[in-house]
Amino acid sequence: AAIPFDSPTIFDKIISREIPHHVVYEDDKVLEFRDIRPQGPIHILVIPKVKDGLTGLSKESHIDILGRLLIVAKLVAKQEGLDDGFRIVINDGPQGCQAVYHIHVHVIGGRQMNWPPG
Ligand code: 5GP
């Protein structure tokens with residue numbers, strides 16, 4: 001099935017401030033905010049302001065934004081005091097349990113994680 005990356009998502013409304021959210025960090029390229037259903041004491045989502053999926057961000061010109069997502073994710077983990085470790089996740093597509101079709105990096109921490117994930 002085609003993945004609906006061109007349809008609006010809730011994250012568009014978060015970027016445009018139409019719905020309230022807790023911004024952790026913002027610059028001209030990325031936005032970070034707390035997940036509404038946290039899977040740990042700390043759960044932050046890092047999104048690019050350009051709306052696409054992991055699969056769509058496959059050009060040479062996307063290397064910068066993909067790298068930036070991980071760098072800011074790592075920085076926020078440090079900022080939040082996750083010195084004993086944390087988990088970074090990107091869910092992609094239906095089998096990856098992606099619910100919102102705008103790429104986002106989950107930063108989850110503050111508790112012991114398990115592996116493998118379910
Ligand atoms: P996915 O399964 O697509 O990787 O994760 C989507 C995430 O977005 C979920 O963890 C969900 O809790 C979060 N989320 C969905 N809607 C909202 C919202 O309106 N506000 C915030 N802050 N997070 C949301």
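Here are four short exercises with worked solutions on this predicted model.

**Exercise 1. The two faces of a helix**

Take helix α2 and work out where its buried residues sit around the axis.

Solution. Start with the helix itself: α2 runs over residues 63-79, so to speak a stretch of 17 residues. From its first C-alpha to its last, α2 reaches 24 Å, close to the 24 Å expected at 1.5 Å a residue. Next, pick out the buried residues of α2, which are Leu 69, Val 72, Ala 73, Val 76 and Ala 77. They cover an arc of only 140 degrees around the axis, so they lie on the same side of α2. Now turn to the other side of α2, where Ile 63, Asp 64, Gly 67, Ile 71 and Lys 78 are exposed.

**Exercise 2. Placing Glu 26**

Find the strand that holds Glu 26, its partner across the pairing, and its degree of exposure.

Solution. First, Glu 26 belongs to strand β1. Strand β1 (residues 23-26) pairs with strand β2 (residues 30-34) in the antiparallel sense, over three bridges. The link from β1 to β2 is a hairpin of three residues. Across the pairing, Glu 26 stands opposite Leu 31 in β2. Then count neighbours: Glu 26 has 13 other C-beta atoms within 10 Å. Exposed would need 12 or fewer and buried 20 or more, so Glu 26 comes out as partly exposed. As a last check on its surroundings, try Pro 48: Glu 26 and Pro 48 are 22 residues apart in sequence, and their C-alpha atoms are 9.8 Å apart in space.

**Exercise 3. An annotated histidine**

Is His 104 buried or exposed?

Solution. Begin with the record: an unreviewed UniProt entry carries the annotation "active site" at His 104. In the model, His 104 is in the loop between β4 (87-89) and β5 (105-109). Count again: His 104 has 27 C-beta neighbours inside 10 Å. The cut-off for buried is 20 or more, so His 104 counts as buried. For the wider setting, the unreviewed UniProt entry also has the annotation "domain: HIT", covering residues 10-118. Over residues 10-118 the chain is 21% helix and 22% strand, with the end C-alpha atoms 25 Å apart.

**Exercise 4. The shell around the ligand**

How many residues surround the ligand, and which are the closest?

Solution. Go around the ligand and you collect 14 residues. The closest are Ile 36, Arg 37, Asn 91, Ala 99 and Val 100. Sort the shell by class, and you get eight nonpolar, three polar and three charged residues.

How values were computed: Residues are numbered from 1 along each chain as its sequence is written. This is a predicted model: local features need pLDDT of at least 70, side-chain atom pairs count only at pLDDT 80 or more; totals for chains, interfaces and linings use all residues. A residue is near a molecule or strand if its C-beta atom, placed from the backbone, lies within 6 Å of it. Ala, Val, Leu, Ile, Met, Phe, Trp, Tyr, Cys and Pro count as nonpolar, Asp, Glu, Lys and Arg as charged, and the others, Gly among them, as polar. Two strands pair if DSSP finds at least two bridges between them. Helices (H or I, at least four residues) and strands (E, at least two) are DSSP runs, numbered from the N terminus. UniProt positions are given in the numbering used here, feature names are shortened, and annotations may be inferred rather than shown by experiment. The expected span of a helix is 1.5 Å times one less than its number of residues. The arc is that of the directions from the helix axis to the C-beta atoms.
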